[in-house]
Amino acid sequence: MTDAHVFIPAAKPVIGEEEIDAAVRVLRSGMVVQGPEVAAFEEEFSELVDGRHCVAVNSGTSALHLSLLALGLGPGDEVIVPSFSFAASANAVRLVGADVVFVDIDPETYCLDPAAVEAALSPRTAAIMPVHLYGHPAAMDKIMAIAGQHGLAVVEDACQAHAAALHGTPVGAFGAVGTFSFYPTKNMHSLEGGIISTGDAETARTLRLLRNQGMETRYANEIVGLNVRMTDVSAAIGRVQRRKLDGWTEQRIANAAYLTEHITAPNVVTPKVADGARHIYHQYTVRIQGDRDAAMAKLSEAGIGNAVYYPTPIHRLKPFWEPDQKAGRTWDLPETERAAAEVVSLPVHPALSAQDLERIVTAVNALGEQL
């Protein structure tokens, strides 16, 4: 099979010899859960979030869940969340018993629209959860101003945005807490895992208690907690990936720049980047003006991996749609609906070769004639 016929995957998790060696080293050590590797990983990841406290857990979803618990959010509270995201963003709110208030997105960044946030405020609003979707930072300057004016907590869902930034400040360093995921398809991974960043030492201690059955000292439980610890195997892999992240990020940005410069099909809209934003391209997401299903089929035929993140907005998923309908709640989210109907993500990962990038551009530009 020639290179021209090799399928280019939309995402390509990296598990190299260094990652394997790190995992084996930990397994041989016998210190496999919540040990020195986790502590070292937390310290090293802290460099990405302006030196904030970092608390490692077993997934990005656990990071969101524990963050809301640590901030004391629960029944009677409302949390503002974009519907154009992965369900975990809203699931975490429901898991603590709070109500989700869905708001619309900025059509260019796919992140929370600050004007929509302000319009959704109510006496029960307790927190805002901006999602740095696809690796583009949300409008944190405006969102933090709204939160400060109304005394609201900000929980950053940065699960797709390791090393993204706005006006020089990294995501995860704005809100009361920031959350990251290390799922295998993320820009860096630990097989599975997550981290919470916070600038408050007391919140960090509460998070550590919550992840470990409510105890810091064995059998001296202080609060009701969970078991969502990160293993040292995951942390060791994460440490290797963290060392590679800077180079991978620069390659993603360069790949995205090439795609944006060379994609010229009139029915394909390439990603926009807000002023002052550092977009780290967890996904390179275009809009298809026309028959998206046909476009995706053509790309697949050409050997170009592609996917839709996310075809169904959260507010239309059964666990949210049915309760809202019974309660008489409706959501007017036209930009969310339009994005869900138009977006397609293309390969942008650092494993792409120059020939891969040329093939992606050729296949995408052909859509201008084929649709």
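**Salt bridges, backbone geometry and the largest pocket**

The side chains of E222 and R205 form a salt bridge, with an N to O distance of 2.8 Å. Because E222 belongs to the loop between α7 and α8 whereas R205 belongs to helix α7, this pair ties together parts of the chain that are 17 residues apart in sequence. The structure in which this pair occurs is a predicted model. R205 also meets the side chain of E216 in a salt bridge, here with an N to O distance of 3.1 Å. That second pair again links distant parts of the chain, with R205 in helix α7 (residues 201-211) and E216 in the loop between α7 and α8 (232-262), 11 residues apart. The three side chains concerned were assessed for accessibility as well. R205 is partly exposed, at 27% relative accessibility, and E222 is likewise classed as partly exposed, at 42%. E216, by contrast, has a relative accessibility of 51% and therefore counts as exposed, the threshold being over 50%.

A further salt bridge involves E337 and R316, whose side chains meet at 2.7 Å, N to O. E337 is located in helix α11 and R316 in the loop between α9 and α10, so the contact ties together parts that are 21 residues apart in sequence. Both partners are partly exposed: the relative accessibility of E337 is 27%, and that of R316 is 41%. Elsewhere, salt bridges with shared partners connect R25, E37, E44 and R239 into one network. Over the whole structure, the search returned 18 salt bridges.

Helix α11, which spans residues 334-342, also contains E342. With a relative accessible area of 12%, E342 is buried, because the class covers values under 20%. When neighbours within four places in sequence are set aside, the residues in contact with E342 are V286, R287, I288, Q289 and R292.

The backbone was examined next for departures from common geometry. Most residues other than glycine adopt a negative phi, and most peptide bonds are trans. The peptide bond from Y309 to Y310 is cis, with an omega near 15°. Y310 is placed in the loop between α9 (292-301) and α10 (318-327). Positive phi values were found for Q34 and Y134. For Q34, which is not a glycine, phi is near 50°; this residue occupies the loop between α1 (17-29) and α2 (36-45). For Y134, also a residue other than glycine, phi is positive at about 65°, and its position is in the loop between β4 (125-128) and α6 (140-150). The surroundings of these two residues were compared through their accessibility. Q34, at 25% relative accessibility, counts as partly exposed. Y134 has a relative accessibility of 2% and so counts as buried, a class that requires a value under 20%.

Analysis of empty space was then carried out on the model. Rolling a probe the size of a water molecule over the atoms shows where such space is left. The largest pocket holds about 440 Å³ of space. Its lining is made up of 24 residues, and those nearest the pocket centre are F86, Q160, S181, K186 and Y310. Two elements, α3 (60-70) and α4 (88-95), give two or more residues to this lining. Of the elements, α3 gives the most, with 3 residues. Y310 thus appears in two parts of the analysis: it follows Y309 across the cis peptide bond, and it is among the residues nearest the centre of the largest pocket.

On the surface, a nonpolar patch is formed by I15, I20, V24 and L191, which together have about 300 Å² of accessible area. One of these residues, I15, is located in the segment before α1. I15 has a relative accessible area of 53% and is therefore exposed, since the class begins over 50%.

Note on methods: Residues numbered from 1 in each chain as written. Predicted model: local features only at pLDDT ≥ 70, side-chain atom pairs only at ≥ 80, totals over all residues. Heavy atoms only, no water. Helix = DSSP H or I, 4+ residues; strand = E, 2+ residues; numbered from the N terminus. Buried < 20%, exposed > 50% of the residue type's maximum accessible area, 1.4 Å probe, protein only. Contact = heavy atoms within 4.5 Å. Patch = residues over 30% accessible without salt bridge, like charges linked within 9 Å, V, L, I, M, F, W, Y side chains within 5 Å. Areas by Shrake-Rupley, 256 points an atom, 1.4 Å probe, with all protein chains shown as cover. Salt bridge = Lys/Arg side-chain N within 4 Å of Asp/Glu carboxyl O. 1 Å grid on protein atoms, 1.4 Å probe; cavity = no way out; pocket = protein on both sides within 12 Å on 5 of 7 lines; lining within 4 Å. Points joined across faces, edges and corners; volume = space filled by probe spheres on them.
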